[in-house]
Structure formats: structure tokens, C-alpha cells
Amino acid sequence: MSSNKKKLNLDIVWFKRDLRTLDNISLEIAANSSNPVLFIYLFEPTVMNYPDYDSRHLRFIYESLLDIEKKFKSYSLKLNLLKCEAQEFFEEISKKYNVNQVLSYQEIGNNLTFERDMYLLDFFKKNNIKWIQHKTNGVIRGLKSRKDWKKKWVDEMNSKISLSDLNLIDKTEVDIPKKIKSYSLNIINDKNFQPGGETYAWMYINSFLKERHKGYTKNISSPINSRTSCSRLSPYITYGNVSSKQVYQFFSKSKNRDIRSFLSRLQWRCHFMQKFDDEPSMEFDNINTAYNSIRNEYNKDLIFKWKEGKTGIPIIDACMRCLDKTGYLNFRMRAMIVSFAAFNLWQNWKNFSHFLARKFLDYEPGIHYSQIQMQSAVTGINTVRIYNPIKNSVLLDPDGQFIKKWVSELKFIPKEYIHEPWKMTKIEQEMYNFSINENYFSPIIDIEKSRKSASEKIWEIRKGLKSKIYANKIIKKHVNS
Ligand SMILES: Cc1cc2nc3c(=O)[nH]c(=O)nc-3n(C[C@H](O)[C@H](O)[C@H](O)COP(=O)(O)OP(=O)(O)OC[C@H]3O[C@@H](n4cnc5c(N)ncnc54)[C@H](O)[C@@H]3O)c2cc1C
């Protein structure tokens with residue numbers, strides 16, 4: 001008799017970016033299985049040390065897990081939070097148990113998690129372990145063509161929500177190998193960030209439907225008003241506190257214009273994730289290689305000032321400081337800070353993409369890299385948009401309310417100068433007891449000159465044959481038909 005036969009059978013539910021109890025297919029399968037079930041979340045040191053990871057993500061994940069744990073307790077189920085590499089965990093657990101199946105959602109993550117999953121695919125195969133990976137956000141793995149993708153996505157969003165009776169799950173106690181049992185995490189509370197968890201996700205969903213959506217379209221680009229008028233669902237969808245399908249079905253009956261506009265963005269989200277799943281190299285490489293010849297000079301000093309919110313352009317500095325402290329900016333402000341770094345400072349997106357990934361609480365690799373490349377105009381297929389920070393500041397923060405909240409140095413500067421304080425004369429500066437270089441910063445760049453120079457360089461490539469050839473390939477591969 002082989003030693004394998006003596007081992008107890010086991011199913012494993014591996015929570016990844018599906019940190020919820022509702023519409024979770026893994027739980028449905030577990031409830032229908034006759035095997036004992038082990039529920040795990042793995043805090044993987046290599047993942048946590050990857051340059052896109054931040055303590056804000058860790059906190060959100062941890063809060064989400066505590067929420068699941070709370071629900072599990074009422075069903076006498078145990079969620080095991082473990083700190084170890086996935087490879088190590090599965091090797092150890094399969095020494096002790098006869099692992100029948102591993103249930104998880106497909107992870108559309110970074111290169112590290114992709115390689116980890118490739119390794120595990122092989123390991124599970126060799127060890128006769130079934131790995132059932134469910135579709136995430138309607139993304140179709142190994143998609144051959146974008147033909148009918150939209151229709152397939154809508155069908156997926158309208159498909160049945162997964163239901164599971166947690167009472168039915170086998171509760172035989174499962175022993176975790178000692179080697180991987182202990183862990184310590186340094187979680188620091190911070191009320192400036194959205195709290196993680198399924199319960200909070202539904203609070204945000206309900207308040208958006210009840211009241212907050214009313215100003216959605218009008219306020220979407222305002223750095224202040226968008227914070228309440230937008231759904232703020234992004235981190236909850238990123239970490240799977242709710243599925244895209246749940247959100248879609250919750251709102252899809254509405255004919256309200258604001259809600260329809262919000263729903264169309266949910267589809268964009270999945271479109272970008274599909275694009276990334278089909279071409280993961282965009283984490284590192286220009287999607288259109290015709291742009292490889294530009295932005296090859298790294299200016300550490302300019303990037304440092306941009307990161308720190310010390311550029312001397314008030315709206316940019318307000319955005320960078322706000323992002324640092326809260327993990328959130330609306331779409332327009334995100335696009336504008338990338339445009340500023342990529343065009344005005346003429347820096348390569350590769351020199352700041354990981355920094356921004358760490359700062360966005362809702363960091364979703366699929367959206368992040370696509371958007372950063374689009375806003376840097378290295379795709380060759382999207383409109384070249386160079387956002388003028390001063391015009392955007394005047395239009396979207398007319399009274400300087402947002403600027404004054406985050407750039408306290410400018411608190412007492414009058415509205416006429418809040419967007420361009422360097423335009424104050426010496427006498428005016430004295431009047432307001434303010435000196436541009438002592439109390440704040442002179443602009444690190446001439447906005448107009450740098451815009452013009454960047455535009456010329458980008459268009460020179462854009463008009464070239466090489467960019468057009470690659471652009472056609474990109475359209476063929478990634479644009480829905
Ligand atoms: C440089 C850059 C990086 C970005 N990185 C991310 C990211 O890592 N994660 C992320 O979720 N969004 C990202 N976005 C898209 C967008 O800015 C955020 O989704 C949005 O601001 C989140 O706020 P909300 O949930 O209130 O959005 P809402 O306006 O309420 O939209 C609803 C949902 O639709 C999706 N969505 C909205 N706008 C977009 C968009 N333009 N592209 C794709 N999906 C969208 C999000 O899931 C969002 O939660 C990025 C945008 C830019 C310009």
C-alpha cells in the first residue's frame with residue numbers, strides 16, 4: 001500500500017483576489033464536496049517584497065480577511081492566514097494530505113504571480129492535484145480573438161451568481177504543517193484610507209445607489225467632489241470584496257444616466273484586464289515598440305520632486321500629496337499626474353509605474369499598465385492627451401479648495417494666484433506674508449515649453465511607419481470587434 005492512500009483527502013480553497021463570501025464559486029464547490037476543506041490566504045514574502053506592493057495593500061487585504069473570518073466563525077469554519085511562499089505551502093501540505101483539489105480564481109496579476117502560478121500548474125499536474133481556477137471579471141484566458149468579446153462579457157455578467165450554503169461544508173479539523181504555521185504582520189491602522197472588506201463594499205454600493213450617484217457625471221473629474229460622487233468601488237473590486245458580476249447585476253436594471261455611465265466603466269475595467277492577460281509584457285515593455293527610442297534619460301531629481309509633491313505646480317503637488325495620504329485620485333487627476341511626468345518632465349513611465357502602483361489603493365495591474373502607457377502616449381493607437389495642469393486646475397478646482405487642503409503652504413494665497421503662485425509680484429508676496437522660494441517652490445519646469453517639445457517628439461514617432469505598423473497589430477489584437 002502506498003503511503004499516499006493513508007493520507008486524509010483534502011480540498012483547499014485558496015483565497016487570492018476574491019476576498020468575499022458571496023458569489024464565490026470556490027465556496028459553492030466546497031459546500032458540495034464530501035472532503036474536509038482547508039481555507040487559506042497566503043501572505044507570500046516575495047509578493048509582498050515586489051516593487052508594486054505597499055503596506056496600504058496589505059492593510060486592505062488584512063481587513064478583508066478579518067471580515068471573512070467573522071462570517072466564517074458563525075459557521076464554525078476556520079480561515080487560515082499564513083505567511084509563506086505558495087510553492088512551499090503546497091509542497092508541505094501535500095506531504096501530509098492527499099490534496100484532491102485546489103479551488104481559486106484566476107489571478108490577473110504581475111509577472112511574479114504569473115510565474116508562481118505557472119510553477120504551481122506544473123507542480124499540481126505532477127502531483128495529481130486538480131486546480132480549478134474560475135474566471136475573474138469576465139476575462140477569458142487564452143483568448144484567440146476579440147471578436148464578440150463585448151457580447152461574451154455581457155453574457156458572463158448576466159450569468160448566475162454563485163450561491164453556497166456554508167453550513168454544508170465538511171468541518172473536519174485540518175492540521176497545518178508546523179513549518180508554515182507562524183506569521184507576523186505589521187498592520188498599521190490608517191483612517192485616511194478606505195477600509196477593506198465585503199461589508200464595507202456593500203455599504204459603498206448601497207450609498208452610491210441611494211444618493212451618491214446623483215452627481216456622478218457632473219463631478220467625475222472634480223478632485224474634491226468625485227471623492228463622494230464616484231462609486232469608490234475600485235479597491236473592493238480589485239481585491240474581490242465584490243465581483244464585477246455582482247456590481248453589474250445590482251445596477252444593471254437602472255435607466256438612470258449616471259448609473260449607465262458608471263456601468264460602462266465596469267466594462268472598460270474588464271477590457272483592460274483582458275488586454276493585460278493577453279499581453280502581460282506590458283508591465284515592462286512599451287506595447288508599441290516604435291516608442292523604445294524615446295525618454296531614455298532618467299532625471300532622478302525631477303522624479304523625486306514629482307513623487308514628493310514639490311514640483312511648484314500646486315495642482316500636481318496637491319494630487320501627489322493626497323494620493324500619498326489617501327490612496328485615491330479620480331481618473332482625470334491620475335491621467336494628469338502621469339501626463340505631467342511623461343510629457344512635461346519627459347520621463348519614461350517605467351521609472352514611475354511601480355511607485356504609482358504602490359500609491360494606488362486599488363492597484364490593478366491590468367488597468368494600471370494599460371492606462372500608464374496610454375497616458376504616456378506610447379501605444380500609438382490612443383489620442384495623444386497632454387493635460388495642461390494649470391487649465392485643469394482652474395477648471396476643476398476653481399477656488400483652490402483641493403489645493404489648499406493638501407498644499408498647506410498656499411492656504412492663505414488668494415484664488416487669483418492659487419493655480420500659479422509664482423505670478424505674484426514681490427509686493428503681493430509681501431502682502432500675503434509669502435515668499436515663493438522660501439515658503440513653497442518655483443515651478444520645476446516651464447509647462448508650455450515642455451509641452452511643445454514633448455508633443456513634437458511624440459508626433460515625430462507617431463507619424464512614422466514603424467508606429468503605424470505596430471498600431472495596426474495592436475488594434476487587431478486588442479480592440480473589440
Ligand atoms: C494612470 C492611471 C492608473 C489607473 N490605475 C487604476 C488601477 O490600478 N485600478 C483601478 O481600478 N483603476 C485604475 N484607473 C482607472 C480609474 O482612475 C479608477 O478606476 C477610478 O478612478 C476609481 O474610482 P471609482 O471606483 O470611484 O470609479 P467609478 O468612476 O465609480 O467607476 C466604477 C468602476 O469602473 C472601473 N473604472 C473606472 N474608470 C476606469 C478606467 N478609466 N479604466 C478602467 N476601469 C475603470 C473601476 O473598477 C471603478 O471602480 C487608473 C487610471 C489612470 C489614468
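Two colleagues discuss a sheet and a ligand shell in a predicted model.

Modeller: The model is predicted, so local features need pLDDT of at least 70, side-chain atom pairs count only at pLDDT 80 or more, and totals for chains, interfaces and linings use all residues. Residues are numbered from 1 along each chain as its sequence is written.

Biologist: What makes strand 4 and strand 5 a pair?

Modeller: DSSP must find at least two bridges between two strands. Strand 4 (residues 98-105) and strand 5 have 5 bridges, in the parallel sense. They therefore count as paired. S104 stands opposite Q133 in strand 5. Strands are DSSP runs of E, at least two residues, and helices are runs of H or I, at least four, numbered from the N terminus.

Biologist: What is the order of the open sheet?

Modeller: Its 5 strands run 3-2-1-4-5, with parallel pairing.

Biologist: Why do strand 3 and strand 5 stand at the edges?

Modeller: Strand 3 (79-83) and strand 5 (130-134) each have a single partner strand, so one side of each lacks a neighbour in the sheet.

Biologist: Which residues are closest to the ligand?

Modeller: C230, S231, S234, R265 and Q371, among 27 that surround the ligand. A residue is near if its C-beta atom, placed from the backbone, lies within 6 Å.

Biologist: Which helix gives the largest share of the shell?

Modeller: Helix 13, with 6 residues. Helix 13 spans 257-278.

Biologist: How do you know that two domains contribute to the shell?

Modeller: Domain 2 (198-276) and domain 3 (282-478) each give at least three residues. Their bounds come from an automatic or database domain assignment.
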